[in-house]
Amino acid sequence: MTVLDQFDLFVRHVDDLMARRLAQGGLGLRFRFSVNQNEGVSIEGSDPDEDDFRAYLTTLRALVISKDEPVVVNKIVNLAIRHVDDVELREALIAGRKVWLDEQKGGTRLATAPSRDAEPEQSYNARDVLDLYINGRVFHVDQEKERTLAALEAGPVGRPMIRYMLLDYATSATNYLVVAEERSRRGEGPRGVERHAGSRADPGHARSSGLT
């Protein structure tokens, strides 16, 4: 597969993601946290259709998590950085990549509930939760990940918090994918990366997909 073929495949995957019904209607990330003396902490928020949600996350997985996929965004951005001649565009790609990688390390973390077996408590960020959800529940291929996800849901705010983390991560990832696609397609150089017409995106993590 040539570099251009890989970029074209990435573009098609992003287009497929944005054609999903959930993307067309907007993820609608809206959550409210409240604390009640009797009921404790509660979370209320948006809850998209489950089939739409699973279809969206399944497509998203190939673009942001699966290391074996040629279209995973980290590979595409690294390729674009190596192949573009435009210094300003390369710097924008590097800046956007740094913001994205920093987000992967930070953000909300959810810990497993105390175990009767006295297993050590472990915490998981949004990317971890997406991996658990896709491979343990949607694809049903990893029973250990399903057990871990169930342990996270057993906490006092586990289930709604997991939903919030998945929606928040999906929104952030989608915005980065849209920006990465636009920047990658505008690269040009002797090794075959074509330039396409389009407006220049701001360096960093632009919110250009329209998702909120």
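**Notebook: salt bridges, rings, core and pocket**

I began with E50, which is partly exposed, its relative accessible area being 29%. The model I am reading is a predicted one.

**Entry: E50 and its partner**

I looked for what E50 pairs with, and found a salt bridge to R54, with 2.9 Å between the closest N and O atoms. Why are R54 and E50 separated by about one helical turn? Both sit in helix α3 (residues 50-64), and they are 4 residues apart there, so about one helical turn lies between them. R54 has a relative accessible area of 25% and is likewise partly exposed.

**Entry: other salt bridges**

I then searched the whole structure and got 10 salt bridges. One of them joins the side chains of R20 and D16, at 3.9 Å from N to O. That value lies inside the limit, because a salt bridge needs the nitrogen within 4 Å of the carboxyl oxygen. I noted R20 as partly exposed at 29% relative accessible area, and D16 as partly exposed at 38%.

Next I took the side chains of K145 and D131, which form a salt bridge at 2.7 Å, N to O. K145 belongs to helix α7 (residues 143-153) and D131 to helix α6 (residues 126-138), so this bridge ties together parts 14 residues apart in sequence. Is each partner buried or exposed, or in between? K145, at 21% relative accessibility, is partly exposed. D131, at 19%, counts as buried, because the class of buried residues ends at 20% relative accessible area. I also followed bridges that share partners: they connect R137, E146, E153 and R159 in one network.

**Entry: aromatic pairs**

How many aromatic pairs are there? I count 3. The rings of F53 and Y133 make a tilted pair, with centres 6.2 Å apart and planes at 55°. F53 is in helix α3 and Y133 in helix α6, so the pair ties together parts that are 80 residues apart in sequence. Both F53 and Y133 are buried.

W100 and Y169 have ring centres 5.7 Å apart and planes at 45°, so I entered this pair as tilted too. W100 lies in helix α5 (residues 87-105), whereas Y169 lies in helix α8 (residues 158-185), so parts 69 residues apart in sequence are tied together. W100 is buried at 1% relative accessibility, and Y169 is buried at 7%. I traced the ring pairs further and found that they link W100 and Y169 with Y176 in a cluster.

**Entry: V64 and the nonpolar core**

W100 and Y169 turned up again when I listed what V64 touches. Leaving out residues up to four places away in sequence, the neighbours of V64 are V72, V73, W100, R127, L130, Y169, A173 and L177.

I then looked up the largest nonpolar core, which has 52 residues. The residues with the most contacts inside this core are F10, L57, L60, V64, V73, L130 and L177. Which elements give two or more residues to it? They are α1 (3-19), α2 (21-25), α3, α4 (73-83), α5, α6, α7 and α8. Helix α8 gives the most, with 13 residues.

**Entry: second largest pocket**

I read the volume of the second largest pocket as about 180 Å³. It has 13 lining residues, and those closest to its centre are E103, G107, A126, D168 and Y169. Helices α5, α6 and α8 each give two or more residues to the lining. Here, too, α8 gives the most, with 4 residues in the lining, as it gives the most to the core. I noted Y169 in two places: in the tilted pair with W100 and among the residues closest to the centre of this pocket.

**Entry: the chain as a whole**

Last, I checked the totals. The chain has 8 helices and 4 strands. Read from the N terminus, the order of elements is α-α-β-β-α-α-α-β-β-α-α-α. The chain has 212 residues, and 46% of them count as buried. Of the contacts between residues at least 6 apart in sequence, I find that 65% join residues at least 24 apart.

Terms used
Residues are numbered from 1 along each chain as its sequence is written. This is a predicted model: local features need pLDDT of at least 70, side-chain atom pairs count only at pLDDT 80 or more; totals for chains, interfaces and linings use all residues. Side-chain values use heavy atoms; hydrogens and water are left out. Buried means under 20% relative accessible area, exposed over 50%, partly exposed in between (1.4 Å probe, protein chains only). Rings of Phe, Tyr and Trp (its six-membered ring) pair if their centres lie within 6.5 Å; planes under 30 degrees apart count as stacked, over 60 as edge-to-face and the rest as tilted. A nonpolar core is a set of buried Ala, Val, Leu, Ile, Met, Phe, Trp, Tyr and Cys residues joined through side-chain atoms within 4.5 Å. Contact means heavy atoms within 4.5 Å. On a 1 Å grid over the protein atoms alone, a cavity is a set of points where a 1.4 Å probe fits but cannot get out, and a pocket is an open set with protein on both sides within 12 Å along at least five of seven lines; lining residues have an atom within 4 Å of a point. Grid points are joined across faces, edges and corners, and a volume is the space filled by probe spheres set on the points.
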